[in-house]
Amino acid sequence: MPASELTKKALLVGSSYSAAPLFFALKRRALHVTVCGDDKDDPCHQYADASCYIDYSNKADLLDFVQQNSFDFLVPSCNDFSYVSCSWVARNMRFPGYDDWETALMLHTKHRFREFCEKHFVPAPVRLYYGSVTDETAADINLPYPVLVKPVDSFSGRGTTKVVDQASLAGALLAAKAESRTSEVVVEKFLEGSLHSHSAFIEEGRIVWDGFVDEYCKVYPYQVDCSHWPSKLPEAMRRGVRNAMLEVVSKARLNDGLLHTQFIARGEDFWIVESMRRCPGDLYGRLVEEATGLEYNDMYVAKFLGEPYGRQRPIFGAEKFVGRHTVSLSAPQVCSGLAFDVPAKRISYVPLKMSGERLGTAPFDKLGIVFVEFDSAATMLKVVPNFADAIKVVSLEKTYG
């Protein structure tokens, strides 16, 4: 159908490859879709009915654009800046799918979420310090090491450092400050354990579908680059996390929609690292869809369109064993391709860079995303944590030098 004949109009705030599944979920509904993002080469702009090339992290600019145009729906994509800006616009205009502004800010700002968890006894890492920092701040803080220093508002682990002694604190505080748009940091007690995520679709205060994924940070210590479905977590742990997240839903009075959470588990204990209402990035939804057949991305956009959820049950007879690897490096390299040493039933690869382009370091750059289906859970559990060794980046000089 020509764009001029489409009646309902949606603005998708985000234009990268991670936003592409959301874009096509909107187009399947025969909507006129405008894409917002400041990189004209991003993939969603290539398919959009219209484009807006602004920095959407600037809330005022996004609000001004929305007010100058007539949109029926406002859909955030896969990063905190998109969701927070959309929530701020929704505070000023009526769009379905959003919590109130203070709730959105609480969930997507690290120190505010820690305050909420402390108040409502939701298990979470202990907050030891929060505020702006100067060159002299470290000398005024007495901490029980080890600790984790983070910017209050960054993502993908940017600016996050584990600190084991007083001598290293000043540098970590300034590194976190440099990655924060508000120049504020939060310091937490460091916790050992395994990393996992929980995606739950909420309706009328209930979880109508949820699932767990095991995650690993192998290249950069605070950015997930390997993950798999299904999780190896025991059912008792899953029940505990579900109950904790239902407490968040109740106490924060969350509207219907996705609540995605990362947590650390050790023994019978767990701690909520962060929760978000945006769609997780790096094609997380595709991992769930390939393993279960659930229409994850379709369910995510539904509540921003004022719709009921679509199919809530997997279509496969049994779930599949699927791993996901976001390919990144600890040192820059000009890349030629990938070499696989993986006992796989099926491999699919989503390139994010072309052969011959320079790949920067994690967590600031990615070569692509690999999905691998395995024949068994045992093989998946053995291989996925070692994806960085089994899926090698081949340099241009190694190929032709």
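## The largest cavity

Fourteen residues wrap the largest cavity, and Leu107, His108, Thr109, Lys110 and Glu274 are the ones that lie nearest its centre. Keep in mind as you look around that this is a predicted model. The volume of this cavity comes to about 100 Å³, and the structure holds 3 cavities of 30 Å³ or more.

Which elements give at least two residues each to the lining of the largest cavity? Look at α6 and at β13, which spans 269-276. Strand β13 has the largest share of that lining, with 4 residues. Sorted by class, the lining of the largest cavity is a mix: 5 residues are nonpolar, 4 are polar and 5 are charged.

## The second largest pocket

Now for an open site. The second largest pocket has a volume of about 350 Å³. Its lining runs to 18 residues, and Val84, Leu105, Thr109, Asp153 and Thr182 sit nearest the centre. If Thr109 rings a bell, that's because you've just met it: Thr109 is also among the residues nearest the centre of the largest cavity.

Three helices each put at least two residues into the lining of this pocket: α4 (80-92), α5 (101-107) and α6 (110-120). Helix α4 has the largest share, at 4 residues. How does the lining of the second largest pocket split by class? Evenly, as it turns out: 6 nonpolar, 6 polar and 6 charged residues. Helix α6 is worth a second look, since it turns up in the lining of this pocket and also in that of the largest cavity.

## Strand β18 and its partners

Over to a strand. Is β18, residues 368-374, mostly covered or mostly open? Mostly covered: 7 of its 7 residues are buried. That goes for both faces. On one side you'll find Gly368, Val370, Val372 and Phe374, and on the other Ile369, Phe371 and Glu373, all of them buried. So a charged residue, Glu373, is counted as buried along with the rest, at under 20% relative accessible area.

Two strands pair with β18. Strand β14 (residues 321-327) runs antiparallel to β18, with 7 bridges between them; to find your way in, start from Thr326, whose bridge partner in β18 is Ile369. Strand β16 (residues 346-351) is also antiparallel to β18, this time over 6 bridges. Here Arg346 is a handy starting point, with Glu373 as its bridge partner in β18.

How values were computed: Residues numbered from 1 in each chain as written. Predicted model: local features only at pLDDT ≥ 70, side-chain atom pairs only at ≥ 80, totals over all residues. Heavy atoms only, no water. Buried < 20%, exposed > 50% of the residue type's maximum accessible area, 1.4 Å probe, protein only. Pairing = 2+ DSSP bridges. 1 Å grid on protein atoms, 1.4 Å probe; cavity = no way out; pocket = protein on both sides within 12 Å on 5 of 7 lines; lining within 4 Å. Points joined across faces, edges and corners; volume = space filled by probe spheres on them. Nonpolar A, V, L, I, M, F, W, Y, C, P; charged D, E, K, R; others polar.
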